[in-house]
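Reader: I am new to reading protein models. Could you walk me through one, feature by feature?

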Amino acid sequence: MSAPTPEPFAPAVTPEALPASADSDNARASLEALRSEIAKAVVGQDPAVTGLVVALLCRGHVLLEGVPGVAKTLLVRALAASLELDTKRVQFTPDLMPSDVTGSLVYDTRSAEFSFQPGPVFTNLLLADEINRTPPKTQSSLLEAMEERQVTVDGIPRPLPDPFLVAATQNPVEYEGTYPLPEAQLDRFLLKLTVPLPSREDEINVLTRHADGFDPRDLDAAGIRPVAGPAELEAARAAVAKTSVSPEIAAYVVDICRATRESPSLALGVSPRGATALLSTARAWAWLTGRDYVTPDDVKALALPALRHRVQLRPEAEMEGVTPDSVITSVLAHVPVPR
């Protein structure tokens with residue numbers, strides 16, 4: 001995510017000493033502590049960490065893309081260890097079946113009846129590791145869960161826990177052995193975050209940590225502890241819902257999305273669902289930075305991660321080296337900014 005790292009939040013204080021009006025500040029402090037806990041395991045990648053926090057606030061899902069070895073899985077595992085939430089992991093492979101994700105009916109010989117055995121999707125935070133290494137049939141098993149927050153098996157809808165977040169990792173689509181996610185599935189992700197290679201200084205820091213005994217498989221030894229849970233998330237979400245959006249900002253979001261539909265480089269522009277995603281994430285970003293109103297800069301900060309996976313390039317534009325990020329950046333430069 002191209003947005004800058006938020007300014008420091010207010011320091012944490014004891015909840016017993018606070019009036020009810022301070023719930024928002026408490027929740028913000030808990031989420032800042034969440035970012036600090038993740039930093040114990042993951043060096044750099046602040047934009048990706050911020051994107052995960054924004055997704056939690058917006059009840060959305062996140063797709064993390066990057067080459068192997070840039071700590072995508074470790075980032076999500078560190079997030080899970082920092083939250084007082086139930087978490088499960090699914091390693092997506094070519095032979096994974098939809099029932100391995102959602103669950104299935106199992107015959108009980110003692111009762112002579114079929115009973116439902118829930119799959120790993122019945123959790124608060126699902127790590128879908130290397131989601132594009134499994135065929136589309138299994139990828140689509142998450143569609144209902146991500147959109148409707150339920151799973152239907154044998155005609156019976158079964159609700160998922162709340163909160164529910166899918167954090168999926170994928171390798172770049174040009175890598176061998178990958179299955180590109182279909183547009184319908186990509187549109188279910190609130191944000192697509194790119195996880196780049198670290199800077200030289202960050203990479204030195206990574207090697208220094210490993211030389212000092214850091215083991216990415218043992219997050220307890222790294223000192224990561226749960227610092228936020230459902231109560232803090234609910235308070236934060238309630239505060240985000242009160243963040244005001246002026247008619248000018250709403251019009252600005254619509255103008256950006258409509259401009260993508262008119263771009264000669266795109267075969268598919270941003271849908272109204274994408275506009276809703278951009279607005280909701282901008283509200284969360286505004287609240288994280290300590291404001292109760294949205295500015296054009298908030299919209300610009302979230303435009304790339306909220307929209308890059310919702311557009312489709314024309315083949316000729318792709319051959320010329322045009323990227324979704326470059327198209328969206330161009331749109332931002334040409335759409336008038338409200339005053």
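Author: Gladly! Let's begin with a helix: Ala-333 and His-334 of helix 14 are exposed. Keep in mind that this is a predicted model.

Reader: Which residues of helix 14 are buried?

Author: They are Val-327, Ile-328, Val-331 and Leu-332, in a helix that runs over residues 324-334.

Reader: Why do the buried residues line one face of helix 14?

Author: Here is the general idea. An α-helix has 3.6 residues a turn, so residues three or four places apart point the same way. In this case, looking down the axis of helix 14, the buried residues fall within an arc of 140°, so they line one face. Ala-333 and His-334 are on the other side.

Reader: What covers the buried residues of helix 14?

Author: The cover includes helix 10 (247-261), strand 10 (266-268), helix 12 (296-307) and strand 11 (312-313).

Reader: How should I think about a nonpolar core?

Author: In soluble globular proteins, nonpolar side chains tend to be buried together. Here the largest nonpolar core has 76 residues, and Leu-31, Leu-79, Trp-287, Val-299 and Leu-307 touch the most other members. Take Leu-31: beyond its neighbours within four places in sequence, Leu-31 is in contact with Val-53, Leu-57, Leu-233, Ala-236, Trp-287 and Leu-288. There is also a second, separate core of 23 residues, including Phe-92, Ala-128, Val-166 and Ala-168.

Reader: Is Leu-181 buried or exposed?

Author: Leu-181 counts as buried because its relative accessibility is 8%, and the cut-off for buried is under 20%. Leu-181 sits in the loop between strand 8 (165-170) and helix 7 (183-186). Not counting residues up to four places away in sequence, Leu-181 touches Leu-63, Ile-131, Gln-139, Gln-170, Leu-186 and Phe-189.

Reader: Where is there a nonpolar patch on the surface?

Author: Leu-105, Tyr-107 and Phe-114 make one of about 320 Å². Phe-114 belongs to strand 4 (residues 113-118) and is exposed, at 57% relative accessible area.

Reader: And what about the backbone?

Author: Look at the peptide bonds and the phi angles. A cis peptide bond, with omega about 5°, joins Asp-162 and Pro-163; Pro-163 lies in the loop between strand 7 (156-159) and strand 8.

Reader: Which residue between helix 6 and strand 6 should I look at?

Author: Try Arg-149, in the loop between helix 6 (143-148) and strand 6 (150-153). Arg-149 is not a glycine, yet its phi is positive, about 55°. Asp-154, in the loop between strand 6 and strand 7, has a positive phi of about 60° and is not a glycine either. Arg-149 is partly exposed at 24%, while Asp-154 is exposed at 61%.

Notes:
Residues numbered from 1 in each chain as written. Predicted model: local features only at pLDDT ≥ 70, side-chain atom pairs only at ≥ 80, totals over all residues. Heavy atoms only, no water. Patch = residues over 30% accessible without salt bridge, like charges linked within 9 Å, V, L, I, M, F, W, Y side chains within 5 Å. Areas by Shrake-Rupley, 256 points an atom, 1.4 Å probe, with all protein chains shown as cover. Salt bridge = Lys/Arg side-chain N within 4 Å of Asp/Glu carboxyl O. Helix = DSSP H or I, 4+ residues; strand = E, 2+ residues; numbered from the N terminus. Buried < 20%, exposed > 50% of the residue type's maximum accessible area, 1.4 Å probe, protein only. Contact = heavy atoms within 4.5 Å. Core = buried A, V, L, I, M, F, W, Y, C linked by side-chain atoms within 4.5 Å. Arc of directions from axis to C-beta.
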